[in-house]
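Please look through the sequence and the coordinates shown below before reading on. The report that follows takes up the overall build first and then turns to charges and contacts.

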Amino acid sequence: MTPAFHSRQFWLPRPLFSLFLALLWLLMVNEVSVAHALLGLALGVAIPFVTHGFWPEEAKIRRPLPLVRYLLVLLVDILRSNLVVALRILRPARHLRPGFFTYPLALEDDFAITILASTISLTPGTVSIHYDAEANTLLVHALHLEDEAETIADIRERYEQPLEEIFR
């Protein structure tokens, strides 16, 4: 069902995403000015408006407080992983053990799975490569994989369980 032409839902189908895009624009241009803020807002409104037909459904965040905790954990992990990867790359004797592993998903919500796959790729040193919908798994590559079971448990505890709580 298409929202009415005069409703907010029609003109601003994803308000939080619009705000995110506007802020992302300001971060990308690395300059805060009225012109850039207006352009960011215009892009933030235009992109979701033009693409709303391709979005399957709006994500239902059931619990916002765990989302804030999740974002803080992610930010700390990104910063920490940047340092770890930089040290591993810059050492003369690298001793890297790159490897692939299959991560078994407990998540069933497509949006939550997308967030998890993106989170894995955002964290330096790991990248999610393939989602197998039939097996409900992610194929992940790690720059340095010492213990596959420990890495899977870490992803489960730090990212997947909080996402289950957020989107439950």
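Does Asp-77 count as buried or exposed, judged by relative accessibility? In this predicted model, Asp-77 counts as buried because its relative accessibility is 0%. The partner and the setting of this residue are taken up below, after an outline of the fold.

## Overall architecture

The protein is built from 6 helices and 3 strands, and these elements follow one another along the sequence in the pattern α-α-α-α-β-α-β-β-α. Taken along the principal axes, the C-alpha atoms fill a box of roughly 60 × 40 × 25 Å.

Of the 168 residues of the protein, 28% count as buried, and the accessible surface comes to about 11300 Å², with 66% of this area belonging to carbon and sulfur atoms. Among the contacts with a sequence separation of 6 or more, 69% are made by residues 24 or more positions apart.

## A salt bridge between helices H4 and H6

A search of the whole structure finds 5 salt bridges. One of them joins Arg-158 to Asp-77, with the closest N and O atoms 2.7 Å apart. This pair links distant parts of the chain, since Arg-158 belongs to helix H6 and Asp-77 to helix H4 (residues 64-90), with their positions 81 residues apart in the sequence.

The two partners are covered to unlike degrees: Arg-158 counts as partly exposed because its relative accessibility is 25%, whereas Asp-77, at 0%, counts as buried. The pair also belongs to a network of salt bridges in which Asp-77, Arg-80 and Arg-158 are linked.

## Salt bridges of Arg-156

Arg-156 and Glu-160 meet through their side chains in a salt bridge, at 3.3 Å from N to O. Both residues lie in helix H6, where they are 4 residues apart, about one turn of the helix. Arg-156 is partly exposed, with a relative accessible area of 25%, while Glu-160 is buried, with a relative accessible area of 0%.

Arg-156 also forms a salt bridge with Glu-164, in which the closest N and O atoms are 3.3 Å apart. Glu-164 counts as partly exposed because its relative accessibility is 25%.

## A buried leucine in helix H6

Helix H6 also contains Leu-163, which counts as buried, so described because its relative accessibility is 1%. Which residues does Leu-163 touch, not counting residues up to four places away in sequence? With those neighbours set aside, Leu-163 touches Tyr-70, Leu-107, Ala-112, Ile-115 and Leu-116.

A further spatial relation concerns Pro-66, which is 97 residues from Leu-163 in sequence, although the two C-alpha atoms are 8.2 Å apart in space.

## Charge distribution and the negative patch

The protein carries 14 positive and 18 negative charges, and the mean positions of the two sets are 6 Å apart. On the surface, Glu-146, Asp-147, Glu-148, Glu-150, Asp-154 and Glu-157 form a negative patch.

One member of this patch, Glu-146, has its place in the loop between strand E3 (137-142) and helix H6 (148-167). Glu-146 is classed as exposed because its relative accessible area is 56%, which lies over the 50% cut-off for that class.

Technical notes: Residues are numbered from 1 along each chain as its sequence is written. This is a predicted model: local features need pLDDT of at least 70, side-chain atom pairs count only at pLDDT 80 or more; totals for chains, interfaces and linings use all residues. Side-chain values use heavy atoms; hydrogens and water are left out. Helices (H or I, at least four residues) and strands (E, at least two) are DSSP runs, numbered from the N terminus. Buried means under 20% relative accessible area, exposed over 50%, partly exposed in between (1.4 Å probe, protein chains only). Contact means heavy atoms within 4.5 Å. Accessible areas come from the Shrake-Rupley method with a 1.4 Å probe; for residues, only the protein chains shown count as cover. Lys and Arg count as positive and Asp and Glu as negative; His and the chain ends are not counted. The place of a charge is taken as NZ of Lys, CZ of Arg, CG of Asp or CD of Glu. Patches are made of residues with over 30% relative accessible area and no salt bridge: like charges are joined within 9 Å, nonpolar side chains (Val, Leu, Ile, Met, Phe, Trp, Tyr) within 5 Å. A salt bridge is a side-chain nitrogen of Lys or Arg within 4 Å of a carboxyl oxygen of Asp or Glu.
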